[in-house]
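These notebook entries record what I looked up in the structure shown below. I began with the strand pairing and then turned to one residue in a loop.

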Amino acid sequence: MENMETTERAPELEESAPLEVRHLNGVHVVGRVSAAPEVRPLPGGELVVWRMAVERPRATDAPRRSDWIGCTASEQTPRSVARDLRVGDVAEIRGVLRRRFWRSRNGPMTPLEVEVRGVVPLVRPARRTPASPGP
């Protein structure tokens, strides 16, 4: 009996022909602001730093899980929009991933953050007003 294998082999790469591969670093996130934006003065301007929580898809009976994403904005337009975000707001951000390096008391720190290039507030939950005192 003949072997009827239908698996195709990947084409072999030619070592003499350089491949041009375009790298891409892009992030698009929609989530809830989970830490209030903080303005940090820097020698060349200022930086706005905040955190977003993005819920993971889940089965109906599974517990809710979220990813917490650090965000930074140094460009003027996203900085000015981010300053007005409040905890609980739902926002859409677009940017690029960046890893920062510094030394702390506990050793080297290397957080992965989104360097925000654009931010759009989508939903601001209504603030609850305290119940008025009765007569």
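**Strand pairing and a loop aspartate**

I first looked up the partner of strand S1 (residues 27–42): it pairs with strand S4 (residues 90–99) in the antiparallel sense, over six bridges. The model I consulted is a predicted one. Within this pairing, I found histidine 28 opposite arginine 94 of S4.

I then followed S4 to strand S7 (residues 112–123), where I counted 10 bridges, again in the antiparallel sense. For glycine 95 I noted valine 116 in S7 as the bridge partner.

For context, I listed the elements from the N terminus as β-β-β-α-β-β-β-β, that is, one helix and seven strands.

Next I looked up aspartate 89, which I located in the loop between helix H1 (76–83) and S4. Is aspartate 89 buried or exposed? I entered it as buried, because its relative accessibility is 2% and the cut-off for buried is under 20%.

I also checked the side chain of aspartate 89 and found a polar contact of 2.7 Å with the side chain of arginine 124. Beyond the neighbours within four places in sequence, I recorded contacts of aspartate 89 with Gly31, Arg32, Val33, Asp84, Val123, Arg124 and Pro125.

Finally, I took the totals for the protein. Of its 135 residues, 24% count as buried. Of the contacts with a separation of 6 or more, 53% join residues 24 or more positions apart. I noted an exposed area of about 11300 Å², with 52% of it supplied by carbon and sulfur atoms.

Conventions
Residues numbered from 1 in each chain as written. Predicted model: local features only at pLDDT ≥ 70, side-chain atom pairs only at ≥ 80, totals over all residues. Heavy atoms only, no water. Helix = DSSP H or I, 4+ residues; strand = E, 2+ residues; numbered from the N terminus. Buried < 20%, exposed > 50% of the residue type's maximum accessible area, 1.4 Å probe, protein only. Contact = heavy atoms within 4.5 Å. Areas by Shrake-Rupley, 256 points an atom, 1.4 Å probe, with all protein chains shown as cover. Pairing = 2+ DSSP bridges. Polar contact = N/O pair within 3.5 Å; in protein donor to acceptor, adjacent residues only side chain to side chain.
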